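Colleague: I am new to reading models of this kind, so could we go through this one slowly, with each term explained as it comes up?

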Amino acid sequence: MKTRLNGESASLSRRTEEAPLERKFSREAVLTIILHSFFQFGSSMSFVFVNIYLWRLSHQLSVIAVYNLICYTFVPLGFVIGGKIAKRRDRLLTYRLGIGFYSLFYLSIVLAGTYVSAYYVLFAVSIGLAMGFYWSGFLVLLYDATTSSNRLRFLSLSTACFSLAGITGTAVSGNIIASFRNTTGYIIVFGIALLVFLVTAFGSFRIAVKQSRKKRYFLKYTFLLAAKNKPWARAVLGFFIIGLLEGMMFFLPSILLYQSFTREDVVGYLTILFSVISVASSYMQSKIGSRSSVSRYLLSSGAGIALAAAVLLTGYSGWPVVFFMIVQSFFNPWLQNGMMAYYFSMADRLPLKGQLRIESVVVYESMLNVGRVVSISLFCIFVLMAKLVSAEIFLFAAACTQVFIVLCVDRKAA
C-alpha cells in the first residue's frame with residue numbers, strides 16, 4: 001500500500017510541475033486526491049447499485065424515494081457533529097470516522113442480505129450520518145490542501161481522477177452483479193467496497209494532523225454572519241439550488257434506466273459512459289478554467305443542463321434519459337467545481353482569517369442537503385402520492401432550476 005501511494009503521489013506530483021508555481025499542488029493535496037479516488041472506487045461500486053438493490057427487493061419507487069429522503073435528511077446532522085469534532089480535535093478524525101461508518105454500513109448490508117428492504121429506514125439513517133462525517137472531513141482537508149490560486153485546478157483535476165475511479169468501480173461491480181443470479185452479486189460488490197474503504201482509512205494516516213488554533217465552534221453565529229455578509233449568503237443559497245437537482249440525480253436516472261433496459265450491466269456501462277464524459281470535461285476545466293470566468297461557467301452550464309432536460313418531455317424511454325445524462329455529465333463539473341471554487345474564495349475572506357473554514361463547509365453542505373431533501377419531498381408529493389406529473393417531467397423541472405445559480409454569484413468577486 002505504501003509503495004503504491006508513493007508511486008502514484010510521485011506521478012501526480014510530476015504532472016503538476018508543468019503548472020505555474022502558484023498553481024502547484026502540495027504533497028497533502030496529492031495524497032488527498034489519491035485517497036479520495038480510492039474512496040470513490042468503493043463508492044461507485046456500491047452506491048448506485050444500492051438503489052437498484054432496493055428496487056429489486058421491493059419493486060416500489062416510493063421505497064427508493066423515502067430511503068434517499070431519510071438519508072439526506074440526516075447528512076446535515078453528520079456534518080454538524082463531524083464539524084464539531086474536526087474543530088475540537090482534527091479533521092482527520094472526522095474523515096476516518098466517516099470511512100468507519102461507511103464500512104459498518106456495507107458490512108451491515110452484507111450481513112442483512114435480503115432483509116435490507118425491511119429495515120431500509122435504519123440503513124438510510126446510517127448512510128446519511130456516514131456521508132456527513134466523511135464529507136465534512138474531506139472538504140476541510142480539501143480546503144487546507146489548496147489555495148485560492150490552485151483551488152479550481154485542484155477541483156477539476158480531482159473530479160477527473162474521481163470519475164476515472166468511478167468508471168473502474170462501476171465496470172467491476174456491473175460485471176460481478178451480472179455474473180450471478182438473484183442478489184448474490186450485490187453482496188459480493190458490497191463486500192469489496194467494504195475492503196476498499198478500509199484501505200482508504202489506512203492511507204489517511206499519511207496525512208499530517210492539523211488541529212485548529214481556535215477550538216470554539218462558531219456554527220450558531222453563521223446566521224448572523226449571513227445577515228451581514230450578503231455575497232456569502234447568496235453563495236450558500238447557490239448550493240441549495242444545486243441540491244434541488246442532485247436530490248433527483250442520486251437515484252432517479254438509474255432507476256429509470258433500469259426500468260427501461262432491465263439489466264444492471266447495461267446501467268453500469270451507461271454509468272461508465274457518463275463518467276468518461278465527466279473525466280474529459282473536468283480535465284478540460286483543469287487546463288483552461290480560470291477564477292475570472294466562474295459566472296460564465298455557471299450560466300452556460302445551468303442553461304445547457306436545462307435545455308438538455310427538455311428531451312425528457314418527448315416521452316417515456318431510456319434513450320431521452322441517456323441523452324440528458326450525457327449532456328449533464330459534461331456540464332456538471334463546470335457548474336459544481338466553479339461554484340465550489342467561488343465559495344471557498346468567499347470563505348477565505350470571512351472573519352478570523354480562515355478559522356471559520358469548518359463552519360463554512362458545514363453551512364454550505366447543510367444547505368446543499370436541504371435542497372436535496374426539498375426536491376425528494378416534492379417528488380414524493382407530486383409524483384408518487386398525487387401523481388400530478390411523471391418522473392421525467394419532475395426531473396426536467398429540477399434541471400431548470402440550475403439556470404438560477406448564476407444569480408447567487410457576485411460577478412465582481414467571481
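**Reading the model**

Modeller: Thr147 is partly exposed, with a relative accessible area of 39%, where buried means under 20%, exposed over 50% and partly exposed in between, with a 1.4 Å probe and protein chains only. This is a predicted model, in which local features need pLDDT of at least 70 and side-chain atom pairs count only at pLDDT 80 or more, while totals for chains, interfaces and linings use all residues. Residues are numbered from 1 along each chain as its sequence is written, and side-chain values use heavy atoms, with hydrogens and water left out.

Colleague: In which loop does Thr147 lie?

Modeller: Helices are DSSP runs of H or I with at least four residues, strands are runs of E with at least two, and both are numbered from the N terminus. Named by that numbering, the place of Thr147 is the loop between α5 and α6 (151-178).

Colleague: How many helices and how many strands does the protein chain have?

Modeller: The count uses the DSSP runs just described. For the protein chain it comes to 15 helices and zero strands.

Colleague: What radius of gyration does the protein chain have?

Modeller: The radius of gyration is taken over C-alpha atoms, and the globule rule is 2.2 Å times the number of residues to the power 0.38. With 414 residues, a compact globule would come near 22 Å, and the chain agrees with this, having 20 Å.

Colleague: How many residues of helix α5 are buried?

Modeller: Helix α5 covers residues 120-145, and its 26 residues reach 37 Å from the first C-alpha to the last. That is close to the expected 38 Å, a span found as 1.5 Å times one less than the number of residues. The helix is mostly covered, and of its 26 residues the buried ones number 20.

Colleague: Which helices does the salt bridge between Glu28 and Arg91 tie together?

Modeller: A salt bridge is a side-chain nitrogen of Lys or Arg within 4 Å of a carboxyl oxygen of Asp or Glu, and the side chains of Glu28 and Arg91 meet in one at 3.2 Å, N to O. Because the two residues lie in separate helices, the pair ties together parts that are 63 residues apart in sequence, namely α2 (residues 27-58) and α4 (residues 91-112).

Colleague: Which residues are linked with Arg91 in a network of salt bridges?

Modeller: Arg91 is buried, with a relative accessible area of 1%, and its side chain also meets that of Asp144 in a salt bridge of 3.0 Å, N to O. Since Asp144 lies in helix α5 and Arg91 in helix α4, this pair ties together parts that are 53 residues apart in sequence. The residues networked with Arg91 are Glu28, Asp90, Asp144 and Arg357.

Colleague: How far apart in sequence are Glu359 and Lys87?

Modeller: Glu359 forms a salt bridge with Lys87, the closest N and O atoms being 2.6 Å apart. Glu359 counts as buried at 0% relative accessibility, and Lys87 is buried with a relative accessible area of 0%. The pair links distant parts of the chain, with Glu359 in helix α14 and Lys87 in helix α3 (residues 61-88), and the separation is 272 residues.
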